[in-house]
Amino acid sequence: MKYGYTMNITEKSDVYSYGVVLLEILSGRSAVESQVGDGQHIVEWVKKKMGSFEPAVTILESKLQGLPDQMVQEMLQTLGIAMFCVNSSPAERPTMKEVVALLMEVKSPPEEWGKTSQPLMKQSSNQS
């Protein structure tokens with residue numbers, strides 16, 4: 001979002017913005033919620049939650065937390081992809097083609113999981 005003000009639009013800033021939209025959808029929060037908490041940007045809020053001792057599922061909107069385990073797992077995988085997109089280093093962000101491949105993998109059979117997304121999600125969570 002901040003890139004729009006500087007007119008410095010790149011593929012990597014588009015990927016960042018896409019990651020922010022995914023975080024908004026999964027958490028049910030706006031990118032910046034001044035009426036709740038300290039007006040922290042959603043990326044900082046999610047990083048803080050992921051760095052706490054709370055389970056990652058608490059990041060999801062409460063209505064989503066009660067869905068069947070398989071669906072919750074898919075949303076958590078999508079959360080990992082979103083965090084990969086909002087990496088603070090543009091060079092570490094995926095391309096949109098990679099994002100699409102990762103999202104398609106989320107709906108793959110469980111035996112296919114982890115072939116490419118697991119290392120990527122681990123990278124993104126360690127970057128915070």
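**Exercise 1. Find the buried residues of helix H6 and work out how they are arranged around the axis.**

*Solution.* Start with the stretch itself: helix H6 spans residues 96-106. Keep in mind that you're looking at a predicted model. Now pick out the residues with under 20% relative accessible area, since that is what buried means here. You should end up with Val 99, Leu 102, Glu 105 and Val 106. Next, look down the axis: these residues cover an arc of only 120 degrees, so they sit on the same side of H6. Finally, turn to the face that points away from the buried side, where you'll find the exposed residues Lys 97 and Met 104.

**Exercise 2. Describe the overall make-up of the protein chain.**

*Solution.* First count the elements: there are 7 helices and 0 strands. Written in sequence order, that gives α-α-α-α-α-α-α. Then check burial: of the 128 residues, 36% are buried. For the outside, the chain exposes about 7500 Å², and carbon and sulfur atoms supply 58% of that area. Last, look at contacts with a separation of 6 or more: residues 24 or more positions apart account for 52% of them.

**Exercise 3. Locate the largest nonpolar core and say which helices build it.**

*Solution.* The largest nonpolar core has 19 residues. Among those with the most contacts inside it are Val 20, Leu 23, Ile 42 and Val 43. Now trace where the core residues come from: helix H2 (11-27), helix H3 (42-51) and helix H5 (69-85) each supply at least two. Don't stop there, though, as a second, separate core of 7 residues includes Val 15, Phe 84, Val 99 and Leu 102. You've met two of those names already: Val 99 and Leu 102 are buried residues of H6.

To zoom in on the largest core, take Val 43 and skip residues up to four places away in sequence. Val 43 then touches Tyr 16, Val 20, Leu 23 and Val 86.

**Exercise 4. Find the salt bridges and decide how buried or exposed each partner is.**

*Solution.* The count comes to 2. Let's take them one by one.

- Step 1: Glu 54 pairs with Lys 49, and their closest N and O atoms are 2.9 Å apart. Lys 49 lies in helix H3. With 16% relative accessibility, Lys 49 falls under the 20% cut-off, so it counts as buried. Glu 54, at 38%, is partly exposed.
- Step 2: Glu 61 meets Lys 63, with 3.7 Å from N to O. Here Glu 61 is partly exposed at 25%. Lys 63 reaches 65%, which is over 50%, so it counts as exposed.
- Step 3: go back to Lys 49 and list its contacts, leaving aside neighbours within four places in sequence. You get Glu 54, Thr 58 and Ile 59.

**Exercise 5. Work out the surroundings of Ser 27.**

*Solution.* Begin with its place: Ser 27 is found in helix H2. Its relative accessible area is 8%, so it's buried. Now follow the side chain, which reaches the backbone nitrogen of Arg 29 at 3.2 Å. For the wider neighbourhood, ignore residues up to four places away in sequence; Ser 27 then touches Ile 42, Trp 45, Ile 59, Leu 60 and Glu 61. Some of these names should ring a bell: Ile 42 is one of the residues with the most contacts inside the largest core, Ile 59 is also in contact with Lys 49, and Glu 61 forms a salt bridge with Lys 63.

Note on methods:
Residues are numbered from 1 along each chain as its sequence is written. This is a predicted model: local features need pLDDT of at least 70, side-chain atom pairs count only at pLDDT 80 or more; totals for chains, interfaces and linings use all residues. Side-chain values use heavy atoms; hydrogens and water are left out. A nonpolar core is a set of buried Ala, Val, Leu, Ile, Met, Phe, Trp, Tyr and Cys residues joined through side-chain atoms within 4.5 Å. Buried means under 20% relative accessible area, exposed over 50%, partly exposed in between (1.4 Å probe, protein chains only). Helices (H or I, at least four residues) and strands (E, at least two) are DSSP runs, numbered from the N terminus. Contact means heavy atoms within 4.5 Å. A salt bridge is a side-chain nitrogen of Lys or Arg within 4 Å of a carboxyl oxygen of Asp or Glu. The arc is that of the directions from the helix axis to the C-beta atoms. A polar contact is a pair of N or O atoms within 3.5 Å; within protein, one must be able to donate a hydrogen and the other to accept it, and residues adjacent in sequence count only if both atoms are side-chain atoms. Accessible areas come from the Shrake-Rupley method with a 1.4 Å probe; for residues, only the protein chains shown count as cover.
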